[in-house]
Amino acid sequence: MKKLLLSTTISTLLFSLPVAALAQDYSKYGIDEDVPGKCSFAATDAKDYSGRTLNIITHAVPVMGEPTALHASQFEELTGAKVNVVHVPFGDLFQRIMIPFQAKQNAYDVLFYGSLWVGDFSPYLEPVPAEYQNTASMKAVTANYKDVATWGKTMVQFPVDGDRHYLKYRTDIFDNPEMQKKFKAETGRDLSVPQTWEEYGEIATVFNGWDWDGDGEKNYGSAEVVKRDDLMFSAFISRVSAYAKHPDVKGGFFFDLETMEPLINTPGFVRGLEMFVKAQKYMPPGGNNFGLGDEIFSFGGGQTLFSYSWDDAYIQAMQKDSRIRNKVAAAPLPGSNEVWNRKTGKWDKFATPNRAPYITWGWTSAVSKMSENKDMAFDYLCFFSNEANTLHDLQIGRFGVNPYRTTHFDPTFWTDKLGWNTKTASTYVKTLSGMDDSKNRVFDLRVPGVGQFMSSMAAGVSEALAGQKTPQEALDGVAEEWRQIVNRIGKERVKKAYATVVALEDNLR
Amino acid sequence: MLGLYRFLKYSAILLWSAFVAGPFLWALTTSFKTSEGIVSGATYIPWLQYKPSLDGWGVLFRRGGQGIDIVDPYLASLTVTLSASAISLVLGTLAAYGLSRFSYKAGPIKNADITFFFISQRIMPPIVLSIPFFLMLQAFGLLDTKLGLIIVYVALLMPIAVWVMIDFFHNIPVELDETAMLDGCRPVETFFRVILPNCKPGLVVAGLFCLIFGWNDFFFAFMLTFTKTQLLPVAVVALNSSVTPWWSLSASALVSVAPLVILAFVVEKYLSRGNLAGAIK
Amino acid sequence: MLVSRQKLIFLLPGLLVLVAIIIFPLLFTIRVSFSSWDVMYPGLDWIGGKNYSRLFSDSRFWESLQRLAGIAVGTVVIEYLLGFGLALLVWKEVRYKRFFRVLFLVPMMTTPVIMSVIWRTIFHESLGPLNNILGFLGLGQVPWLSTAGMAVVSVMMVEIWQWTPFMFLLLLAGLLSLPKEPFQAAAIDGAGPFRTFFMVTFPLMAPISIGTLIIRLIEASKIMETVYVLTSGGPGTATETSSYYIYIRGLRDFQIGYAASLSVTYLVLMILALTILAKFLVRAFISKDKA
Amino acid sequence: MSLIIDNVSKSVDGEIHLQDIHLTMQKGSFNTLLGPTLSGKTSLLRLLAGLDKPTSGRIMMGGQDLSSIPVWKRNVSMVYQQFINYPHLDIYENIAFPLRRAGLAKAEIDRKVRATAETLRIDELLRRSPGELSGGQQQRTALARSLVKGADLLLLDEPLINLDYKLREEFHDEFTNIFADNRDTIIIYSSTDPLESLLLGGDILVLDEGRQLQHGPTHDVYRNPRMEAVARVFNDPQMNMINGRVENGRIVLGQGLTLPRSTHMTDLREGKYRFGLRANALGLSRASADDVELEARVELGEINGSETFVHIHHNEVSWVVQEDGVHTHSLGQVIRVYFNPEYLFAFDEKGMLAAAPKYVPGSGTAEE
């Protein structure tokens, strides 16, 4: 009896004292303050995983790779586990995960990857346990990103990031009376944030090829992701969705869900591609081989007036030492006054431009079914995305972590913590949250073999951009390849998977 | 006339030197930049044109979020490359000696075919072999291990050793072997007592080639490891993100090419000695 | 010689090790090429020659082969000419000869995949030094990686930068091992530098030239990292070489079965082409030798 | 212990290198192997060394068939035309190499190495490496190494051919000493140079196109070449050959140079013959009263060491005249040439020797 009492006292001393002491100490990890919750610093600190190893595959440094490694080393310190992280360039991430899956090799416990691959990976992923779904921080994730994390009815991915394409532009030009005058003189129109891709092109053309910011270097219209790698297809979808996604036509964007006939060579897509081909005229030198990094440096470095893609370029522009800090604003992607209606086979006119926000794939994470450390793996992901860490990561542009919880859409966070001016912060938050409210969304083609579909599309688009083929020819070729891919993988399988995407797009949930 | 010739000659040498050294100099200056130093366009001179920073270099030697810590990959690369090169050199040299001195026959297969078999291993692009190698190493539980990579690299490097050494042995007069045998050496003794001691230049070149191709392989190191074993190129390519940090990438490039460049200067006298068997003829 | 058993001691260890390592991947690849292994169905079903019939109408594959032939032969020939020229430059007395000899070798020592990333920053059209210097010299801007033609040139340029040293090293070694007598004879005959080169140096270098060219062609045909990093095969398909195309089909699209059939076809074609090329080179150099 | 070469043939890829060689050599003998390039000399030496295997036939040594004994167990040494030494060892170790392989005691090795080195006059160079030596010194080292182990069979494959004339003469002088007290070894020395084989003496085996033409004491063979082919090989410059006939008790050479029948030809039957005359039997001045004189035009004069070979043309037949000392003749010049019919060889229509002179003129080495 005495003995028991003594050990209780000791354990109380051991556990309560350090926790109390360290509670003030977590700021050494770079966070402002620990946010209480299931996976807070304090809660993680209380766990002991010493002697165990966690293997993680993630993207290259810094985008997503750097926060993965950062929180991995924190996790090591707090729990005593050994965490191995491997960083892989984006183009090879899919196969590096898929080969061990197919070979039944337990290579990684935790995976960070592009959410569009869920169709291929889902058989190999461990569903997120209910206890992690019921946390406050998970409940705050917006509907879009819960949808993205879900396959069928099961949540198999752990949301760690919110991603979307939107328009970025330079306020110092748009708000400059001289520039407005000049634009009016050249086009007869008032200079305003473009509502359609045609306007985007017109403005970009006027502000292309001359030094409009007075730094001695020429400036250009638009920086876009055009290099034929695994990111360009997203830019293409952003550019075509307004023409091809009719708000009243249900039943599929990439395919007709009924027949699984590809729609990729229908006039809406062709029009979008034609615009993309023309856009090369107002890109910077080398702009038609820009990868995401180039786009970020180009717009973020003040070279171009416009850009659209993920948040990175915006964040680059807002770096502390940036020359164009607080001279940028965000807006929804341009729309179109004409939308192809595949049911009627006609172009429908819209007085208010049709917009179809593309809920671009983004970074997500998951735990492998084969893992022997599932408890630790989910704890790591939960710790990675605890609110203290997320608020920290959101502030570092190169991490590529973007708002995905309702709590992140508070302009004061950006103005107070990061010193953004009101316009930059409010347009940013408004654009982001606005996309969550849209009823005319386009999702990625989250079906098995998505890599084949996207790689085929990128090859076709790239041929059109290089002038090797006309847009129609190029997309006809893509459509033909898509048919073959569907047949190879199995029409029913693709259809079944695509139905879950269409259900999201048609707001059936 | 002679002056003009000299002028052209040295111009050509300097021009090529600039072409060769350019990327390294660019990497050197870039490694001290930050993202602001990049986005403002090409700059070359620190302090004058941009504010230098050691961030790019720091990344290489830190663990966790801020860095990729290339120390472990460095040691792993050294271990794998040196072991595989040594094994390839031993096996390749023996095989090359055999092929250059004796005639083998198995059915229609003769020396030339065996030699071609060795050399032809180089024709296969790594992509062809990556998945079969994956499954093979998996069967032996050697994925993500140094030993697994060493095995694969031996297949990659032995053809190089065979190729260089066959050429080298062809330049050693066969009479030297015969004299040794007449003096009482069996073939194996002949090889170890007489031929091998005279092979230093050939071995240096073959070894250097093995080290070059082993050290610089990316694909297999990439495909056949997960997290426990990481070789240098894989660690460096971890910086090839969608937003490439030019500065740390440049620093890591310089660090990773350094050992072989230093080695090249060390073994210079063997590289440009000319006929590798010069001492014998 | 009475060495029938002893001679096996030399050949067998290496041969057996190599066969042991390589035989499974080779046979496995052939087997996979008759299966439909892809992202959905990992495994070795039997679909007969379907992959091969698909391959025959796959114009992207055949175009990639043509492109590869052009790029590989083009770079190797340029590397040969440059390498020979450089070897001649530092063959005889030159100041700091030993320094230059090693300096010229340095690119070969570097990791292609890493240096290609550096080259990508050099080619960057607005932030890279190349266009910056050209602009400074008033030569205008070159679209290095964004037009089909220049992208091919850029890829070749990096290959040449990386591998000319290899040619240089082997050709220099060859030059240094040449006998002196034919040169003395040519000098006595009063032959000028050009005549000496074409009548003496070049013919004497024929065997080493053939060997070097073939080895480099083998290596150049695998060109991968440069394309992988610099252009991803673009713009369009302008720089998509065979191994990169196989890579896309196999590891990006994850059509393992189809990629295996591409690989097998590619290997057969390569071995055929290199054999023929080797014969051709021998004939070309030997006939020049006689003339 | 005698070496028996029993009907040995060697062919490689259907090409015949040696055909039916059949002969015996005795312990302590010195043999030259004379023949032009590609006559099979090296092939034969390699067979004897055990480096190659005969296609048919046997090689016996001391009654034992050698074919089953590998090279490294035979007691044979060989010196090549190229200067073959172990580049990584100094001269001392080069010479000691076979002794060390044989497992001799250190002191014994040292004694033998120094003695042999002294014989070959390289005892000052023992700590040098082969790369630092001149060609002659390198070949001395190779010779020393092959001598030191006291082989049963010592093979020398044109050892002096890559040395200059002066060095060759120096070696020739020394060889007489070096090989003089040879009692236990069978030495076979191959050469393309008839003069060299005459200098070295001993026995000779004349080879041509892989065939064994004649085997016997060198000077016998020189005086009585069994056939025209032997005479051709064993003379430098080549023996002058003229078609002719014996007619009416007289000898008619070529187009009609008629000579009296000399003493050694008295037994010749009438008919067609080929007559041979050594170049050194022709002179530019009358040596005796019996000399025949003819007029000829100079076609070419070549100076070879201390001799001059004058190529002349007489009656549509080309002759070579060997003259001591260095002389110059202008081309086309008409000169008088003399020879003694006593020196004429006669070969029958099958090429076999029909008559040989009793005396051998000139060269001075052939003692009577």
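In strand E21 of chain D, Leu353(D) is the residue that serves as bridge partner to Phe347(D). This pairing belongs to a model that is predicted, and it can be placed in a wider arrangement of strands within chain D. Strand E20, which spans residues 345-347 of chain D, is joined to E21(D) by two bridges, and the two strands run antiparallel. Both take part in an open sheet of six strands in chain D, in which the order is E13-E12-E11-E14-E20-E21 and the pairing is antiparallel. Because strand E13 (257-260) and strand E21 (353-355) of chain D each have a single partner strand, they stand at the edges, and one side of each is left without a neighbour in the sheet. From one strand to the next, the twist of this sheet averages 40 degrees.

In chain A, the domain assignment yields two domains built from separate segments of the chain, with domain 1 comprising 11-159 + 361-402 and domain 2 comprising 166-336 + 350-357 + 439-505. A distance of 31 Å separates the C-alpha centres of domain 1 and domain 2 of chain A. Their contact involves 14 residues from domain 1 of chain A and 17 residues from domain 2 of chain A. On the side of domain 1 of chain A that touches domain 2 of chain A, the elements contributing two or more residues are helix H4 (90-102) and helix H5 (118-121) of chain A. This side of domain 1 is made up, by class, of six nonpolar, six polar and two charged residues.

Chain B contains 14 helices and two strands, and its C-alpha atoms fill a box of roughly 75 × 70 × 30 Å along the principal axes. Of the 281 residues of chain B, 56% count as buried, while 73% of the contacts in chain B with a separation of 6 or more are made by residues 24 or more positions apart.

Between chains, five pairs touch, and among these pairs the most contacts are found between chains B and C. The contact between them draws 74 residues from chain B and 69 residues from chain C. Helix H1 (residues 2-30) of chain B supplies eleven residues, the largest share of the side of chain B that touches chain C. The residues on this side of chain B comprise 53 nonpolar, 16 polar and five charged. By contrast, chain A and chain D are joined by no contact, and their closest C-alpha atoms lie 50 Å apart.

Conventions: Residues numbered from 1 in each chain as written. Chains lettered and ligands numbered in written order. Predicted model: local features only at pLDDT ≥ 70, side-chain atom pairs only at ≥ 80, totals over all residues. Pairing = 2+ DSSP bridges. Helix = DSSP H or I, 4+ residues; strand = E, 2+ residues; numbered from the N terminus. Axes fitted to C-alpha atoms, helices over the stretch in contact; angles between N-to-C directions. Domains from an automatic or database assignment. Contact = placed C-beta atoms within 7 Å. Nonpolar A, V, L, I, M, F, W, Y, C, P; charged D, E, K, R; others polar. Buried ≥ 20, exposed ≤ 12 C-beta atoms within 10 Å, placed from the backbone.
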